[in-house]
Amino acid sequence: MDGPDDKRLHEIEARLHREDPRFARALGHGRPCRPREYRHTRTWLLLAVALAVLGTGIALAHELLIAAGLVLAGVAGEMFDPHRGERCRGERPPHDS
């Protein structure tokens with residue numbers, strides 16, 4: 001017999017599948033992976049490219065490359081924020097108690 005807690009658990013499960021299907025699928029198979037908020041492979045790659053462009057710009061004394069490297073580094077830094085999507089939609093990040 002389903003109770004009120006079961007309904008709430010089904011709602012949480014449905015939201016998890018909607019937000020991060022890869023994490024939910026891996027969790028269902030018993031091999032959890034990192035949630036989407038903590039997967040930063042592309043971010044690290046962008047940061048490496050930004051630092052390479054910045055270093056090249058400094059070595060060649062080329063202002064446009066320096067500016068591009070700084071902009072790319074700023075974008076990569078913003079991508080490390082796990083709550084950036086919530087902030088863009090106007091939601092408040094969860095408070096740690």
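**Exercise 1. Ile66 and its surroundings**

Task: Determine whether Ile66 is buried, partly exposed or exposed in this predicted model, and find which residues Ile66 touches.

Solution.
- Step 1. The relative accessibility of Ile66 is 27%. Buried requires a value under 20%, and exposed a value over 50%. Ile66 therefore counts as partly exposed.
- Step 2. Ile66 is a residue of helix H4.
- Step 3. Leaving aside residues up to four places away in sequence, Ile66 touches Leu54, Gly57 and Ile58.
- Step 4. The C-alpha atoms of Ile66 and Val53 are 7.0 Å apart in space, while the two residues are 13 residues apart in sequence.

**Exercise 2. The packing of H3 and H4**

Task: Establish how the axes of helix H3 and helix H4 are arranged, and which classes of residue form their contact.

Solution.
- Step 1. Two packed helices are described by the angle between their axes and the distance between the axes.
- Step 2. Helix H3 covers residues 41–60 and helix H4 residues 63–79; their axes come within 8 Å and cross at roughly 160 degrees.
- Step 3. Angles over 145 degrees count as roughly antiparallel. H3 is therefore roughly antiparallel to H4.
- Step 4. The handedness of this crossing of H3 and H4 is left-handed.
- Step 5. On the side of H3, the contact includes Thr43, Leu46, Leu47, Val53 and Leu54, and on the side of H4 it includes Ile66, Ala76 and Met79.
- Step 6. Sorted by class, this contact of H3 with H4 has 17 nonpolar and 4 polar residues, and no charged ones.

**Exercise 3. The packing of H1 and H2**

Task: Carry out the corresponding analysis for the axes of helix H1 and helix H2.

Solution.
- Step 1. H1 spans residues 4–19 and H2 residues 21–28. Their axes come within 5 Å and cross at roughly 125 degrees.
- Step 2. Roughly perpendicular covers 65 to 115 degrees, and roughly antiparallel requires over 145. H1 is therefore oblique to H2.
- Step 3. H1 contributes Leu16, His17, Arg18 and Glu19 to the contact, and H2 contributes Pro21, Phe23, Ala24 and Leu27.
- Step 4. The residues of this contact of H1 with H2 comprise 5 nonpolar, 1 polar and 2 charged.

**Exercise 4. The aromatic pair**

Task: State how many aromatic pairs the structure holds, and decide whether the rings of Trp44 and Phe80 are stacked, tilted or edge-to-face.

Solution.
- Step 1. The structure holds 1 aromatic pair.
- Step 2. The ring centres of Trp44 and Phe80 are 5.0 Å apart, and their planes stand at 70 degrees. Planes over 60 degrees apart count as edge-to-face, so the pair is edge-to-face.
- Step 3. Trp44 belongs to helix H3, whereas Phe80 belongs to the loop between H4 and helix H5 (84–89). The pair therefore ties together parts that are 36 residues apart in sequence.
- Step 4. Trp44 is exposed, at a relative accessible area of 54%. Phe80 is partly exposed, at 24% relative accessibility.

**Exercise 5. Two buried residues that touch Phe80**

Task: Describe the location, burial and contacts of Thr43 and of His40.

Solution.
- Step 1. Thr43 is found in helix H3 and has a relative accessible area of 4%, so Thr43 is buried.
- Step 2. Beyond residues up to four places away in sequence, Thr43 touches Ala76, Met79 and Phe80.
- Step 3. His40 is situated in the loop between H2 and H3. His40 is likewise buried, with a relative accessible area of 16%.
- Step 4. With residues up to four places away in sequence again excluded, His40 touches Met79 and Phe80.

**Exercise 6. Two exposed loop residues**

Task: Locate Pro32 and Ala61, and report what sign phi has at Ala61.

Solution.
- Step 1. Pro32 sits in the loop between H2 and H3 and is exposed, at 53% relative accessibility.
- Step 2. Not counting residues up to four places away in sequence, Pro32 touches Ala26 and Leu27.
- Step 3. Ala61 is part of the loop between H3 and H4 and is exposed, at 56% relative accessibility.
- Step 4. Most residues other than glycine have a negative phi. Phi of Ala61 is near 55 degrees, a positive value.

Key: Residues are numbered from 1 along each chain as its sequence is written. This is a predicted model: local features need pLDDT of at least 70, side-chain atom pairs count only at pLDDT 80 or more; totals for chains, interfaces and linings use all residues. Side-chain values use heavy atoms; hydrogens and water are left out. Axes are lines fitted to C-alpha atoms, for helices over the stretch in contact, and angles run from 0 to 180 degrees between N-to-C directions. Helices (H or I, at least four residues) and strands (E, at least two) are DSSP runs, numbered from the N terminus. Angles under 35 degrees count as roughly parallel, over 145 as roughly antiparallel, 65 to 115 as roughly perpendicular and the rest as oblique. Contact means heavy atoms within 4.5 Å. Ala, Val, Leu, Ile, Met, Phe, Trp, Tyr, Cys and Pro count as nonpolar, Asp, Glu, Lys and Arg as charged, and the others, Gly among them, as polar. A crossing is left-handed if the near helix is turned anticlockwise from the far one by less than a right angle, and right-handed if clockwise. Rings of Phe, Tyr and Trp (its six-membered ring) pair if their centres lie within 6.5 Å; planes under 30 degrees apart count as stacked, over 60 as edge-to-face and the rest as tilted. Buried means under 20% relative accessible area, exposed over 50%, partly exposed in between (1.4 Å probe, protein chains only).
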